[in-house]
2 protein chains.
Amino acid sequence: MSSTNVMNIKELKQACKACSLRDLCLPLGVSVEDLSMLEGIISRKRPVQRRDVIYQAGDPLTCLYAVRTGSVKTFVLTNDGEEQVTGFHLPGELLGLDAINDGVHPCTALALETASVCEIPFDRLEELAGRTPGLQHQLLRIMSREIQTDEHLMTLLGHRTSDARLAAFLLNLSRRFGMRGFSRHEFNLTMSRCEIGNYLGLAVETVSRMLSRFQEQGLIQVQRKFITILDADGLREIAGIHGHDARHQEQASGH
Amino acid sequence: MSSTNVMNIKELKQACKACSLRDLCLPLGVSVEDLSMLEGIISRKRPVQRRDVIYQAGDPLTCLYAVRTGSVKTFVLTNDGEEQVTGFHLPGELLGLDAINDGVHPCTALALETASVCEIPFDRLEELAGRTPGLQHQLLRIMSREIQTDEHLMTLLGHRTSDARLAAFLLNLSRRFGMRGFSRHEFNLTMSRCEIGNYLGLAVETVSRMLSRFQEQGLIQVQRKFITILDADGLREIAGIHGHDARHQEQASGH
DNA sequence: CGTAGGATTGAAGCCGCTCAACCAAAGTGG
DNA sequence: CCACTTTGGTTGAGCGGCTTCAATCCTACG
């Protein structure tokens with residue numbers, strides 16, 4: 001909802017019911033009457049700016065956050081102080097699920113660009129989920145999906161070469177943008193090469209080189225942050241995805 | 001509950017209430033009266049033998065499984081047919097959480113040794129969780145913990161050298177054995193070097209070499225599958241864990 | 001006792017990292 | 001408005017860690 005000072009009634013009314021993300025986000029599969037309950041506990045925060053912190057590692061868990069617009073990265077700091085990116089998050093995705101375990105956020109969430117997020121008080125969500133089977137199921141599903149995603153990323157990090165990782169990363173982004181109504185073929189990378197490399201376990205230079213090579217091979221076109229995918233099948237080949245069952249395969253992001 | 005043919009009354013009585021794992025498993029923090037309800041839906045299966053399949057990739061999700069004794073590995077088959085180990089599971093840990101998302105098990109669970117598992121029908125668990133706030137919370141916590149664990153493993157795979165990965169793996173196993181009342185200092189590896197390597201994204205030979213090197217350095221003693229940890233702090237050093245905050249750090253396993 | 005699978009050890013090669021220089025774009029301050 | 005700085009990205013050269021390939025050893029088990 002715009003900002004706290006400049007209230008915008010029209011946006012305020014844009015509750016889950018009318019939200020274009022409802023088929024991606026928490027309300028998926030929740031009945032209309034239950035949806036009203038959910039709306040009751042969700043507040044739409046004012047937009048956050050690039051590099052704004054949404055929550056910080058060590059913060060107590062009070063809310064989960066749903067990305068509405070923009071994009072967000074999450075990362076942990078390892079004991080020797082270096083950053084490890086754990087995910088990039090697009091509209092409709094839920095942040096903070098890893099904090100439920102001990103009630104403290106293990107990672108920091110940072111806006112990659114101007115973004116807006118919905119705040120969902122966790123205790124109220126939990127209580128509501130107890131009274132709303134559809135919501136409980138959806139919550140479990142979302143957490144399960146995250147576990148699945150992480151498993152795929154583990155495969156990528158453990159067993160794939162740099163080109164396969166990057167190809168899978170691009171395909172995954174492409175698919176996720178597509179699901180959100182954006183183009184699958186051209187999109188902006190909101191994260192830096194450095195953040196991509198960190199996420200994929202590669203050096204920045206390697207990311208840069210691979211992007212150049214993909215471009216040479218006519219698979220993509222790179223214009224700074226703007227990526228055009230010219231040959232998705234070619235990328236799938238490199239990513240080690242052999243047709244059909246490519247549902248979850250185009251992993252490499254998404255927490 | 002023991003086997004379907006040979007009923008064993010004594011084992012039958014070993015419900016969650018009396019189970020030594022209750023502080024590790026699902027019932028943690030669930031009140032005594034709620035516990036009876038949980039017991040009502042859980043059945044104890046007969047022991048499975050080494051290499052027995054508990055569930056297979058592609059199977060529809062009917063039950064979650066709690067390891068009671070023994071150990072289990074889970075793995076996915078990549079499109080080119082090779083195996084990718086996603087976790088090793090010790091008593092008190094829950095299997096199958098990654099299947100909730102789309103109702104189909106994405107991975108296969110296989111007993112590494114003679115083991116016994118509790119079967120928990122998922123639909124009934126879900127229904128019970130809706131009526132039992134403590135249980136719902138615990139279920140969410142377990143899933144959240146798994147996400148956290150996976151995040152740590154991602155860090156390991158993406159940013160750590162082979163020695164750090166193996167050291168972290170050994171420390172993680174040590175801690176988990178310790179929590180279950182076994183010795184932290186000596187234990188059997190129920191998985192092969194090959195499976196460890198696969199899990200950590202390393203070649204078998206590297207695992208073998210690292211174990212030998214750790215032994216040379218006086219950090220551990222290796223007698224085939226039997227490991228004795230001589231210098232846990234030394235291992236922590238290598239794993240990149242600098243004291244204190246080593247709660248979740250000793251990751252590298254555990255799904 | 002012999003075989004097979006797992007584990008260890010050695011040698012060689014390659015992928016990706018590190019180091020370093022250079023470039024482009026976007027701020028920043030006078 | 002321009003010079004300077006900063007940040008992020010690209011490209012090249014050399015190195016090193018891990019993999020691959022291969023041979024041998026060991027132990028469990030028929």
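This is a short walk through a predicted model of two protein chains with two DNA strands.

Okay, housekeeping before the fun part. Residues are numbered from 1 along each chain as its sequence is written, and chains are lettered from A, with ligands numbered from 1, in the order in which they are written. Since the model is predicted, local features need pLDDT of at least 70 and side-chain atom pairs count only at pLDDT 80 or more, while totals for chains, interfaces and linings use all residues; side-chain values use heavy atoms, with hydrogens and water left out.

Let's start with chain A. You'll find 8 helices and 11 strands in there; those are DSSP runs numbered from the N terminus, H or I with at least four residues for a helix, E with at least two for a strand. Chain A has 255 residues, and 58% of them count as buried. For the cut-offs, buried is under 20% relative accessible area, exposed is over 50%, and partly exposed is in between, with a 1.4 Å probe and protein chains only. The accessible surface of chain A is about 10500 Å², and carbon and sulfur atoms hold 50% of that. Those areas are Shrake-Rupley with a 1.4 Å probe, and for residues only the protein chains shown count as cover.

On to contacts, meaning heavy atoms within 4.5 Å. Take the contacts in chain A with a separation of 6 or more: 73% of them join residues 24 or more positions apart.

Now, how do the two chains relate? Chain A superposes on chain B by a rotation of 180° with 0.0 Å of shift along the axis, at an RMSD of 0.0 Å. That's the relation of a two-fold axis. In chain A, the C-alpha nearest that axis belongs to A:Gly130, 2.2 Å away from it. And the same surface serves both copies, in that 100% of the contact residues of chain A recur in chain B. The fit, by the way, is least squares on C-alpha atoms of residues with pLDDT of at least 70 in both copies.

One residue to click on is A:Arg160. It sits in the loop between α4 (133-159) and α5 (162-179) of chain A. Buried or exposed, this A:Arg160? Buried, with a relative accessible area of 16%. Leaving out residues up to four places away in sequence, A:Arg160 touches A:Thr155, A:Arg165 and A:Ala239 on its own chain, plus B:Thr78, B:Asn79, B:Asp80 and B:Glu82 across in chain B.

Next, the DNA, and I'll take strand C to begin with. Which residues are closest to DNA strand C? There are 18 residues around it, and the closest are A:Ser162, A:Thr206, B:Arg193, B:Ser208 and B:Ser212. Of the strand C atoms that come within 4 Å of the protein, sugar and phosphate make up 62%. A residue is near a strand here if one of its heavy atoms lies within 4 Å of it.

For polar contacts, think pairs of N or O atoms within 3.5 Å; within protein, one must be able to donate a hydrogen and the other to accept it, and residues adjacent in sequence count only if both atoms are side-chain atoms. A:Glu205 puts a polar side-chain atom 3.0 Å from a base nitrogen of strand C. The side chain of A:Thr206 has an N or O atom 2.2 Å from a phosphate oxygen of strand C, and for a polar side-chain atom of B:Ser212 the distance to a phosphate oxygen is 2.6 Å. The elements giving two or more residues to this surface are α7 (204-216) of chain A, plus α6 (193-200) and α7 (204-216) of chain B. α7(B) gives the most, with 4 residues.

Over at strand D, 18 residues surround the DNA, the closest being A:Arg193, A:Ser208, A:Ser212, B:Ser162 and B:Thr206. A phosphate oxygen of strand D is 2.7 Å from a side-chain N or O of A:Ser212, and one is 2.8 Å from a polar backbone atom of B:Ser162. Here α7(A) supplies the largest share, 4 residues.

Last up, some backbone oddities. Most residues other than glycine have a negative phi. A:Arg224 isn't a glycine, yet its phi is positive, about 60°. You'll see A:Arg224 in the loop between β10 (220-223) and β11 (226-229) of chain A, exposed at 71% relative accessibility. B:Arg51 also has a positive phi, about 75°, and lies between β1 (43-44) and β2 (53-55) of chain B.
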